[in-house]
Amino acid sequence: MSERSGIGYDSHRLVEGRPLILGGVVIENAGRGLLGHSDGDVLAHAVIDALLGAAGLGDIGQHFPDTDERYAGADSIDLLGQVNGFLNEHGWRVVHVDATVICEAPRLDPHRDDMRISLAEAVGIGARELNVKFSTNEGMGAIGRGEGMAALAVATLDRMG
Ligand code: MG
């Protein structure tokens, strides 16, 4: 069997004074953004971990340590592109990704297509093969109180050649 799947999960705090970037898309007028050593793009980070998981190549913290100044303020879509290149070097290519962002606000639906295009381009697949979903936590827990956002992703890879 030459296909493999991997899961990814990430969460970041929402804070004042940061732009909100999800799936490489800047969400204008969000009020708050995700805190992180990089740009805090929780969706891109979950996708990165799903890819690395499927390829058996560790996790995002191993490849881009948050103690490394090179990744301060990093564009996470750029990191995702680097990870895709790394998978390709190991003989893997991305077939499909499905992801969910969990947050109470803002409304993300108008940005869905842009996120799909941006993430799909970074991993070299069509936007129809990269699904993005949005869910709330129904007011429960830290995410329900709007203290942060989380994201989940599942990636499917297959062996090239
Ligand atoms: Mg992260």
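Does His12 count as buried or exposed, and at what relative accessibility? I looked this up before anything else, keeping in mind that I have a predicted model here. His12 counts as buried, with 15% relative accessibility, because the cut-off for buried is under 20%.

**Entry: the metal site**

I went on to the magnesium ion. Its protein donors are Asp10 (OD), His12 (NE2) and His45 (ND1), and they lie 2.0 to 2.2 Å from the ion. Along the chain I could write their spacing as D-x1-H-x32-H. His12 is in strand 1 (residues 3–16) and His45 is in helix 1 (residues 42–55), so this pair ties together parts that are 33 residues apart in sequence. I checked His45 as well: at a relative accessible area of 6%, His45 is buried.

**Entry: the sheet**

Next I traced the strands. Five of them make an open sheet, in the order 4-1-7-5-6, and the pairing is mixed. Why is one side of strand 4 and of strand 6 left without a neighbour in the sheet? Strand 4 (32–34) and strand 6 (130–135) stand at the edges, and each has a single partner strand, so one side stays free of sheet neighbours. On average, neighbouring strands here are turned by 25° against each other, if I ignore direction.

I zoomed in on one pair. Strand 5 (residues 92–102) and strand 6 run parallel and are joined by six bridges. In one bridge I looked up, Ala99 has Val132 in strand 6 as its partner.

**Entry: helices on the sheet**

Helix 4 (residues 112–123) packs on the sheet and touches strand 5 and strand 6, its direction making about 140° with that of strand 6. Helix 3 (residues 76–89) lies across strand 5 and strand 7 (148–159), at about 145° to strand 5.

Then I asked how helix 3 and helix 4 meet. They pack at an angle of about 35°, and their axes are 7 Å apart. Helix 3 brings Ile77, Leu80, Gly81 and Asn84, while helix 4 brings Ser118, Leu119, Ala122 and Val123. Sorting the residues of this contact, I get five nonpolar, three polar and no charged.

**Entry: the core**

Last, I looked inside. Nonpolar side chains tend to be buried together in soluble globular proteins. The largest nonpolar core here has 47 residues, and Leu22, Leu43, Leu51, Leu80 and Leu87 have the most contacts inside it. Helix 1 gives the largest share of this core, eleven residues. I followed Leu43 outward: leaving aside residues up to four places away in sequence, Leu43 touches several residues, including Leu22, Ala99, Met115, Leu119 and Val132.

Key:
Residues are numbered from 1 along each chain as its sequence is written. This is a predicted model: local features need pLDDT of at least 70, side-chain atom pairs count only at pLDDT 80 or more; totals for chains, interfaces and linings use all residues. Side-chain values use heavy atoms; hydrogens and water are left out. Donors are N, O and S atoms within 2.8 Å of the metal (3.2 Å for Na, K and Ca); water is not among the atoms, so sites may look incomplete. Helices (H or I, at least four residues) and strands (E, at least two) are DSSP runs, numbered from the N terminus. Buried means under 20% relative accessible area, exposed over 50%, partly exposed in between (1.4 Å probe, protein chains only). Two strands pair if DSSP finds at least two bridges between them. Axes are lines fitted to C-alpha atoms, for helices over the stretch in contact, and angles run from 0 to 180 degrees between N-to-C directions. Contact means heavy atoms within 4.5 Å. Ala, Val, Leu, Ile, Met, Phe, Trp, Tyr, Cys and Pro count as nonpolar, Asp, Glu, Lys and Arg as charged, and the others, Gly among them, as polar. A nonpolar core is a set of buried Ala, Val, Leu, Ile, Met, Phe, Trp, Tyr and Cys residues joined through side-chain atoms within 4.5 Å.
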